[in-house]
Amino acid sequence: MSAAPMWKKLLRVDVALLILACLLPVVDQRWHLDMVDPMRGVMVFAILALGLNIVTGFTGLLHLGMAAFMAIGAYAFAISSCDIYPFQLGFWWAMLCTAIVGAFAGVLLGAPTLGLRGDYLAIVTLGFGEITQDVLKNLDVITKGTQGINPLPSPHVPWWTATGFGMLEFTSEQELPWYWLFLGFVVVAVVVCRNLERSRTGRSWLAVREDELAARCMGIAPVPVKMIAFATGAALAAVSGGLWVSMYSSTGEPGNYDFQVSILALCIVIVGGMGSINGVLVGAIAMLGLANIALPKIASAMQSAGWVSSGSVFGSPNNWKYLVFGLVLVVMMRVRPDGLLPAKLSIVNAKKKNAVEPAP
Amino acid sequence: MSVASTITNPILEVDGVTMRFGGLVANDCVSFQVKRGEVFALIGPNGAGKSTLFNAITGVHQATEGRVRFEGKEIRRDWSATIFARMVLNGFVLAFFVTLAIRATTLWKDVIVANYVYDEPFPIAQAARSIGTSLWSMGLWAVLLPALIGFAVGAGGYVTLWSRARRTPDLIARAGMGRTFQNIRLFGELSVIENVLVGMHAKLRCGFLANMLRLPRFYRENVVAHQKAQELLRFVGLQSRASEAARNLPYGLQRRLEIARALAGEPRILLLDEPAAGMNPTETGTLMELIRRIRDSGVTVLLIEHHMRVVMGVSDRICVLNFGKQIAQGTPEQIRNDPACIEAYLGKEELG
């Protein structure tokens, strides 16, 4: 077995996606595809789904309330940074604070519930998702209730202005700076997930998913292991919430972080491939690309072809996108039940060792 | 029935273990001692309670009566200063959050809203003082009651969890007891080498941050761990299949992988639950040789097996169970000629 050549090592889905993501703004500008704006949403949801992937994909705990952590992240970011509160942290410190609060919320939910098995845990997380919205709505002294909190700070990236990239200012009119910022966050999230997956921590998650009793008999205490998974997933979800609200400079109302968001994240993980990081990225592009890029284009094409009038039900894809989602899920379950890019064995290290010492 | 002779400094003592599931007595006052460095076999017809006893030893089940001592002491989480401190800490954290949650609006109004004037620096000292005045104005009991309830729930919850999980498999495994399972329980979706690495979990030291940030000590530990895993795979003869999915291995090799995984935790005693089940004669032969090599490497082996060739071939001493009761104990030679054992396995002789 010889070591793979360099170009083959680089021929990977994640690298390909990164190159495509870097090329997209150029292509978009040349042919006016209007894809940069929806791609920001794709990337935020990719981070949310990467968080869910740690909990559901790696550790095997069905989590139906991921939107709650997104909401907690959104409000943690808003409260720690908005100037109607005294804290007024900058973007980066607020984001750090968001991740910590998210992880803490994950531990707080996990501590009493992680002894529960399977479906019971799913029900608890579902309830947590609903309760969080109501708490945020009713705690209006702190969270401003349904008004939402605004304005929120934009990131300040000094070296860009210093090196002549001054035009990349983070305002609500500009799309590109946000695009690059979110891409950076996605890259960091992917690296974090991958590092964890191929380490003692990630192996303990996978072991608990595969066979909890066997894992325990190998000296792995399942509850702390699950707790770490919960906290990591929640921190990633919280960061995605923080990014989302900083882009709109407002948290919007708590009802935005509802069950549909949780289910969308779960769909991304299932369509992409449970426990597969690349799969989650592809899944996010597939699901949200479908909802935010493909369907509006189809709808406008149908309108311009004169098939439907703008007033009809089919005029706006929001009216029928869940129909398409459902269809996609059914077809996926029939054709590729393991997802678009099923998790592969992480055998890179094993292969390397084999290459050094061939079998006798 | 031969009386169990007392052994000085045994590695494992099973002392009058009784396991009851409702009315069913799976083990009835089983006692034996395992010497350091021997192969001790536990045999008996199907349903004799061998696997149940294994589960009681490794903490999967709690023995109804009796004790299991490993290297002279029972492995359990005893009440200690650390556990007390954790209980108190848990209580205080929950007390803090319950108080805060119940009084959140008032506190926020008094401390943040009252002191903050838009676009002016926040008077931190004044805000800190208003925490006190705000709590004081609520009245003592309005603050103390939620705090007490929170403390009771937090501390009580911790103690409950501790008392329920005093003898858990993970604790016992970390103490130096490795095991395999009768129905193979590998991590099927993981590769062969990863299965072994999971077995090493308790021996590895890198925590969450070191793993996430790939600190230098992660790489140092990773290289050593992979070398050790390869050595173990070579030890059981799986070195050429390190990167395959565990679930794709043939049956006999899966059993070997389970042994390698159990050995990865550097146990001082290894519990093998029917390692030769479903193996052909050649595979059985290599397995016997493997068990001898494990013993020679200094690991005591406790073995459940039905294959009499394996049992008689490798064990130093044997304990026989039937219907949960211990009916004989001794060397293979003694067991072979023990009338009670012959009866249990072959039935009573009716005719001469």
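Start by selecting chain A of this predicted model, whose secondary structure comes to 16 helices and 0 strands. If you colour chain A by burial, buried residues should account for 44% of its 360 residues. Contacts in chain A also reach across the sequence, for among those that join residues at least 6 apart, 77% link residues at least 24 apart.

Next, select A:Ala284 and look around it. Setting aside its neighbours within four places in sequence, A:Ala284 is in contact with A:Val42, A:Phe45, A:Ala46, A:Ala49 and A:Ile268. A:Ala284 also belongs to the largest nonpolar core, a set of 175 residues, where it is listed with A:Ala46, A:Ile47, A:Ala49, A:Met70 and A:Ala238 as having the most contacts inside that core. This core draws at least three residues from each of domain 1 (1–75 + 168–176 + 267–352) and domain 3 (187–266) of chain B. A second, separate core has 6 residues, and to find it you can select B:Leu94, B:Phe151, B:Ala155 and B:Tyr158, which are among its members. In soluble globular proteins, nonpolar side chains tend to be buried together.

Now show both chains and turn to the contact between them, which takes 35 residues from chain A and 45 residues from chain B. On the side of chain A that touches chain B, the elements giving two or more residues are α7 (140–143), α9 (176–197), α10 (200–210), α11 (212–217) and α16 (348–356) of chain A. Select α10(A) in particular, since the largest share of that side, 7 residues, comes from this helix. Coloured by class, the side of chain A that touches chain B has 20 nonpolar, 7 polar and 8 charged residues.

Move on to chain B and colour its three parts separately: domain 1 (1–75 + 168–176 + 267–352), domain 2 (81–164) and domain 3 (187–266). How far apart do the C-alpha centres of domain 1 and domain 2 of chain B lie? The distance between these two centres is 54 Å.

Within chain B, select α11(B), a helix of 16 residues that reaches 23 Å from its first C-alpha to its last, close to the 22 Å expected at 1.5 Å a residue. Its buried residues are B:Leu287, B:Leu290, B:Ile291 and B:Ile294. These four lie on the same side of α11(B), because they cover an arc of only 100° around the axis. An α-helix has 3.6 residues a turn, so residues three or four places apart point the same way. If you display the surroundings of the buried residues of α11(B), you will find them packed against β3 (39–43), α9 (216–236), β6, β7 (300–304) and α12 (308–314) of chain B. On the other side of α11(B), by contrast, B:Pro281, B:Thr282, B:Arg293 and B:Asp296 are exposed. Just after this helix, B:Gly298 takes a positive phi of about 100°.

The last stops are two loop residues. Most residues other than glycine have a negative phi, which makes a useful background for both. Select B:Glu71, in the loop between β4 (65–70) and α2 (81–102) of chain B, where phi is positive at about 50° although the residue is not a glycine. Then select B:Glu274, in the loop between β6 (269–273) and α11 (281–296) of chain B, which has a positive phi near 50° and is likewise a residue other than glycine. Which of these is buried and which is partly exposed? B:Glu71 counts as partly exposed because it has 16 C-beta neighbours inside 10 Å, whereas B:Glu274, with 21 such neighbours inside 10 Å, counts as buried.

Terms used
Residues are numbered from 1 along each chain as its sequence is written. Chains are lettered from A and ligands numbered from 1 in the order in which they are written. This is a predicted model: local features need pLDDT of at least 70, side-chain atom pairs count only at pLDDT 80 or more; totals for chains, interfaces and linings use all residues. Two residues are in contact if their C-beta atoms, placed from the backbone, lie within 7 Å. Ala, Val, Leu, Ile, Met, Phe, Trp, Tyr, Cys and Pro count as nonpolar, Asp, Glu, Lys and Arg as charged, and the others, Gly among them, as polar. A residue is buried if 20 or more other C-beta atoms lie within 10 Å of its own, exposed if 12 or fewer, and partly exposed in between; C-beta atoms are placed from the backbone. A nonpolar core is a set of buried Ala, Val, Leu, Ile, Met, Phe, Trp, Tyr and Cys residues joined through C-beta atoms within 7 Å. Domain bounds come from an automatic or database domain assignment. The expected span of a helix is 1.5 Å times one less than its number of residues. The arc is that of the directions from the helix axis to the C-beta atoms.
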